[in-house]
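This report goes through one protein model, taking its salt bridges, helices, pocket and backbone in turn. Keep the sequence and the structure in view while reading.

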Amino acid sequence: MKIYRLTKSKYAFDLSGKGAELAGGRWNSKGKAVLYTSQSRALCTAEIAVHTPLGNIPTDYELVEITIPDTTEVKEIGTSELPTDWRSIPQSHSTQEIGDKFLSENKYLVFKVPSVVVQGDFNFLINPTHRLFYQVEITLTEPFDFDARFFLR
């Protein structure tokens with residue numbers, strides 16, 4: 001399975017999940033390391049765009065392609081299983097609890113969750129403390145330039 005991540009160049013080879021650990025996110029509380037990735041380059045772009053203030057064009061980014069063995073068992077959750085506030089802005093504590101449980105149970109390396117930004121697409125959370133984390137491999141990094149139209153109005 002190939003998944004993608006957009007990140008500042010200095011973090012391109014950092015798969016520790018420390019950024020999410022420091023800030024928290026939709027699927028994790030502060031203090032819980034997790035690596036956020038997406039099913040496509042396009043979804044990565046959309047995810048960055050919604051978190052960037054208008055007028056600021058992100059610079060010095062890298063696209064990171066990550067490969068995980070196709071035999072990896074992936075935990076999945078459907079939208080029907082999620083609390084009614086799962087798409088709230090800012091994110092709800094209920095989705096953080098779901099992600100925190102995924103991490104603390106440490107049963108799966110990967111958790112497939114629906115994207116709030118692009119309905120019908122998926123993000124993949126990777127647990128950096130899982131025993132199979134060594135199978136997560138960066139297979140490509142390349143500079144990424146954002147189309148300014150995402151950020152200028």
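## Salt bridges

Glu65 has a relative accessibility of 11%, so it counts as buried. The cut-off for that word is under 20% relative accessible area. The model is a predicted one.

Glu65 takes part in a salt bridge with Lys2, and the closest N and O atoms of the two are 3.6 Å apart. Lys2 belongs to strand β1 and Glu65 to strand β3 (residues 61-67), so this pair ties together parts that lie 63 residues apart in sequence. Lys2 is partly exposed, because its relative accessibility is 43%.

The structure has six salt bridges. Three of them are listed here, with the distance between the closest N and O atoms or from N to O.

| Salt bridge | Distance |
|---|---|
| Lys2 and Glu65 | 3.6 Å |
| Glu105 and Lys101 | 3.8 Å |
| Arg149 and Asp147 | 2.5 Å |

The pair Glu105 and Lys101 sits within helix α3, where the two are four residues apart and therefore separated by about one helical turn. Glu105 has a relative accessible area of 45% and is partly exposed. Lys101, with a relative accessible area of 51%, is exposed.

In the pair of Arg149 and Asp147, a relative accessibility of 66% makes Arg149 exposed. Asp147, at 31% relative accessibility, counts as partly exposed.

## Helix α3

Helix α3 covers residues 93-105, which is 13 residues. At 1.5 Å a residue it should span 18 Å, and its end C-alpha atoms are 18 Å apart, so the expected and the computed span agree.

Which residues of α3 are buried? They are Ser94, Thr95, Gln96, Ile98, Gly99, Asp100, Phe102 and Leu103. These buried residues pack against three strands: β4 (74-76), β5 (110-114) and β6 (122-126).

## Helix α2

Seven of the ten residues of α2 are buried, so this helix is largely enclosed by the rest of the structure. The buried residues are Leu43, Cys44, Thr45, Ala46, Glu47, Ile48 and Ala49. Their cover includes β1, β2, β3, β6 and β7.

## The largest pocket

Rolling a probe the size of a water molecule over the atoms shows where empty space is left. The largest pocket holds about 1200 Å³ of space. It is lined by 40 residues, and those closest to its centre are Leu6, Tyr36, Glu47, Ile48 and His51. Glu47 and Ile48 are also among the buried residues of α2.

Which elements each supply at least two residues of the lining? They are β1 (2-8), α1 (18-23), β2 (35-38) and α2 (41-50). The largest share, five residues, comes from β1. Sorted by class, the lining has 20 nonpolar, 14 polar and six charged residues.

## Backbone and loops

Most residues other than glycine have a negative phi, and most peptide bonds are trans. The following places in the backbone depart from that.

Asn106 has a positive phi of about 55° although it is not a glycine. This residue comes just after α3, in the loop between α3 and β5. Asn106 counts as partly exposed, because its relative accessibility is 31%.

Asp60 also has a positive phi, near 60°, and is a residue other than glycine. Asp60 is placed in the loop between α2 and β3.

Where is the cis peptide bond with omega near 0°? It runs from Ile89 to Pro90. Pro90 lies in the loop between β4 and α3.

A further loop residue is His130, found between β6 and β7 (137-144). Is His130 buried or exposed? With a relative accessible area of 5%, His130 is buried. Leaving out residues up to four places away in sequence, His130 touches Asn106, Lys107, Tyr108 and Leu109. One of these contacts, Asn106, is the residue with the positive phi of about 55° just after α3.

Terms used: Residues numbered from 1 in each chain as written. Predicted model: local features only at pLDDT ≥ 70, side-chain atom pairs only at ≥ 80, totals over all residues. Heavy atoms only, no water. Expected span 1.5 Å × (residues − 1). Buried < 20%, exposed > 50% of the residue type's maximum accessible area, 1.4 Å probe, protein only. Contact = heavy atoms within 4.5 Å. 1 Å grid on protein atoms, 1.4 Å probe; cavity = no way out; pocket = protein on both sides within 12 Å on 5 of 7 lines; lining within 4 Å. Points joined across faces, edges and corners; volume = space filled by probe spheres on them. Nonpolar A, V, L, I, M, F, W, Y, C, P; charged D, E, K, R; others polar. Salt bridge = Lys/Arg side-chain N within 4 Å of Asp/Glu carboxyl O.
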